[in-house]
Amino acid sequence: MTGHVGKVKNVENIAVIGAGIGGLCTAARLAKAGHKVTIFEASDRTGGKCRTEWIGRYAFDTGPSLLTLPAVYRDFFQRTGEVMGRVLEIEEVNPSFDYRFHDGKSVKFANLSRKKTLASIEESLGADAAAEWDRVMLQAEAMWDVSREPFIESELKSPVSLLKRPRLIRDLKTISPWKSLRGLAISNPNLAKIMDRYATYSGSDPRVAPAVLSTIAFVEEAFGAWHIKGGIGTLSEKITERCEKLGVDIQLNARVEEITLTSGRVSGVVVHGNKQNFDRVVANADAQFVYEKLLAPTNKVVKIRKQLAKQEPSLAGFSLLLGLKPSDAQPLEHHTILFPENYDLEFEAIFTSKTPVEKPTIYICAPRDPLMVKDKGHEAWFVLVNAPRHSTTGDGFDWSDENFKRQYANTIIDQIESQGIAIRNRLEVLEIRTPLDLQTSVNAPGGSIYGTSSNGARSAFARAKNRSPIKGLYLVGGSAHPGGGLPLVGLSAEMVANAILEKQPS
């Protein structure tokens with residue numbers, strides 16, 4: 001994608017609703033181009049879900065805990081007048097993942113090296129398994145090559161825009177949009193679990209999520225898994241600084257109550273009961289929330305509400321923040337994943353019965369980062385399990401019961417300890433976060449981590465478009481195209497900024 005340089009001729013007054021990563025990156029790009037930009041953020045801090053939180057003497061990445069495709073943010077800083085390496089120190093996470101299975105076997109995925117990963121698979125699971133993973137990664141690489149430009153790096157305006165592509169038939173055959181992740185037919189049960197997990201990356205069910213999600217595994221391997229020293233939340237702090245240096249007006253504790261329209265076009269926003277006029281509005285909030293709560297029900301708005309209502313929300317997460325005293329035990333790798341015997345029961349619980357998973361896959365993020373603890377030898381672990389979204393109306397699980405929350409946290413700690421990983425005798429801090437907490441803190445409906453799931457072949461087209469059908473309104477962030485996760489949200493911001501800037505010759 002190309003970025004716009006130089007100053008715009010007609011300076012516009014642009015409002016950005018929400019100071020998540022998508023909103024901040026869009027605001028900085030527009031301000032750099034010369035527009036007057038105001039961000040309205042309902043909470044008392046910037047960064048949205050991308051945050052590093054201190055609790056006592058421990059720091060936790062409570063949103064993203066890994067940076068992939070760092071080039072997206074290198075480009076952002078460069079285009080807004082900074083060098084990423086000057087403000088952020090990133091280091092590779094190697095091994096990128098330590099996968100442990102119920103049968104006692106384990107596999108470590110090497111960062112930036114398929115050769116080493118295949119050697120690890122062969123040693124633990126045999127030569128056939130290694131050959132199988134190599135086959136799947138070659139297929140994922142081919143999918144990435146053909147989906148990257150039209151699906152990920154470009155505005156997806158409509159299926160028609162893809163139909164005009166000269167290599168359509170060949171590309172479709174490669175992407176296999178009708179094939180699910182399970183359709184990749186991985187015969188080794190342990191490798192199949194690893195691949196299933198890439199569906200949950202986007203809040204989806206591997207039984208119906210498209211096979212193209214396997215490209216996430218390829219992207220991690222090819223472009224690396226990275227940690228930002230001091231915590232991933234440092235990224236949002238440094239992007240906020242870019243905004244401030246470029247003159248963006250960031251207003252915290254400023255909840256937008258309405259997006260106003262005049263003759264079908266955006267005319268401003270209402271904040272604390274006061275109407276403020278703007279030429280354009282960029283919404284970095286959940287798409288469903290924007291169309292349901294912030295816009296009057298015009299014909300266009302009602303049509304989009306119906307489209308978004310058909311989408312399946314992504315799964316949510318139940319997390320534990322553990323501050324641990326020093327131990328003589330071998331420290332965990334940065335990312336450890338503990339798989340249960342039956343992974344299907346997890347998807348059955350979340351997507352069918354909408355109940356907490358009895359024996360979930362447990363993800364432990366244990367950064368070896370001295371900047372994330374106040375005392376040497378102490379460790380700050382972020383533990384996450386997939387969970388049904390919060391709801392009191394039957395389409396999710398009611399997470400408001402404090403007693404259940406504590407009981408469930410204890411069962412997860414029991415399951416970690418059953419794998420020989422000691423927690424209770426080291427525990428200094430324990431904080432529990434439910435999907436209801438996420439809903440409350442960042443306005444994510446039901447605590448859905450990624451907005452909408454990628455369940456089904458048409459999910460890419462069902463996502464909210466970056467350009468709303470309402471003139472002057474744009475959507476950015478995880479619930480809009482191209483989807484959730486730091487790299488895609490960064491690309492989303494680039495698309496929205498470019499969509500606004502292309503309308504004005506600079």
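**Figure 1. The loop that holds Pro-482, between E19 and H17.** Pro-482 has its place in the loop that runs between strand E19 and helix H17, where helices (H or I, at least four residues) and strands (E, at least two) are DSSP runs numbered from the N terminus. The peptide bond that leads from His-481 into Pro-482 is cis, its omega being near 0 degrees. A cis peptide bond is also found from Asn-94 to Pro-95, again with omega near 0 degrees, and Pro-95 belongs to the loop between strand E5 (90-92) and strand E6 (97-100). The model is a predicted one, in which local features need pLDDT of at least 70 and side-chain atom pairs count only at pLDDT 80 or more, while totals for chains, interfaces and linings use all residues. Residues are numbered from 1 along each chain as its sequence is written, and side-chain values use heavy atoms, with hydrogens and water left out.

**Figure 2. The packing of helix H2 on helix H17.** The axes of H2 and helix H17 (residues 486-501) come within 9 Å and cross at roughly 35 degrees; axes are lines fitted to C-alpha atoms, for helices over the stretch in contact, and angles run from 0 to 180 degrees between N-to-C directions. This crossing of H2 and H17 is left-handed, a term used if the near helix is turned anticlockwise from the far one by less than a right angle, with right-handed used if clockwise. On the H2 side the contact (heavy atoms within 4.5 Å) is made by Val-72, Tyr-73 and Asp-75, and on the H17 side by Leu-486, Pro-487, Val-489, Gly-490, Leu-491 and Glu-494. Sorted by character, the residues of the contact of H2 with H17 comprise six nonpolar, one polar and two charged, where Ala, Val, Leu, Ile, Met, Phe, Trp, Tyr, Cys and Pro count as nonpolar, Asp, Glu, Lys and Arg as charged, and the others, Gly among them, as polar.

**Figure 3. The packing of helix H1 on helix H2.** Helix H1 (residues 21-32) and helix H2 (residues 71-79) have axes that come within 10 Å and cross at roughly 35 degrees, and the crossing of H1 and H2 is left-handed. H1 contributes Ile-21, Cys-25, Ala-28, Arg-29 and Lys-32 to the contact, and H2 contributes Tyr-73, Asp-75, Phe-76 and Arg-79. The residues of this contact of H1 with H2 divide into five nonpolar and four charged, with no polar residue.

**Figure 4. The open sheet of five strands and the helix H1 that packs on it.** The five strands follow the order E9-E2-E1-E13-E19 and their pairing is parallel, two strands being paired if DSSP finds at least two bridges between them. Strand E9 (249-251) and strand E19 (473-475) stand at the edges with a single partner strand each, so one side of each has no neighbour in the sheet. On average, and with direction ignored, neighbouring strands of this sheet are turned by 20 degrees against each other. Strand E1 (residues 13-17) and strand E2 (residues 36-40) run parallel and are joined by five bridges, and Asn-13 stands opposite Lys-36 in E2. H1 packs on the sheet, where it touches E1, E2, E9 and strand E13 (280-283), and the direction of H1 makes about 165 degrees with that of E2.

**Figure 5. The cysteine pair Cys-25 and Cys-243.** The closest cysteine sulfur to that of Cys-25 is in Cys-243, at 7.4 Å, which is too far for a bond. Cys-25 counts as buried at 1% relative accessibility, and Cys-243 is likewise buried, with a relative accessible area of 0%; buried means under 20% relative accessible area, exposed over 50%, and partly exposed in between (1.4 Å probe, protein chains only). With a disulfide taken as a pair of cysteine sulfur atoms within 2.5 Å, the count comes to zero disulfides.

**Figure 6. Two loop residues with positive phi, Asn-253 and His-272.** Asn-253, in the loop between E9 and strand E10 (256-262), has a phi near 50 degrees, a positive value in a residue other than glycine, and is partly exposed with a relative accessible area of 49%. His-272, in the loop between strand E11 (265-271) and strand E12 (274-277), also has a phi near 50 degrees, and at 52% relative accessibility His-272 counts as exposed.
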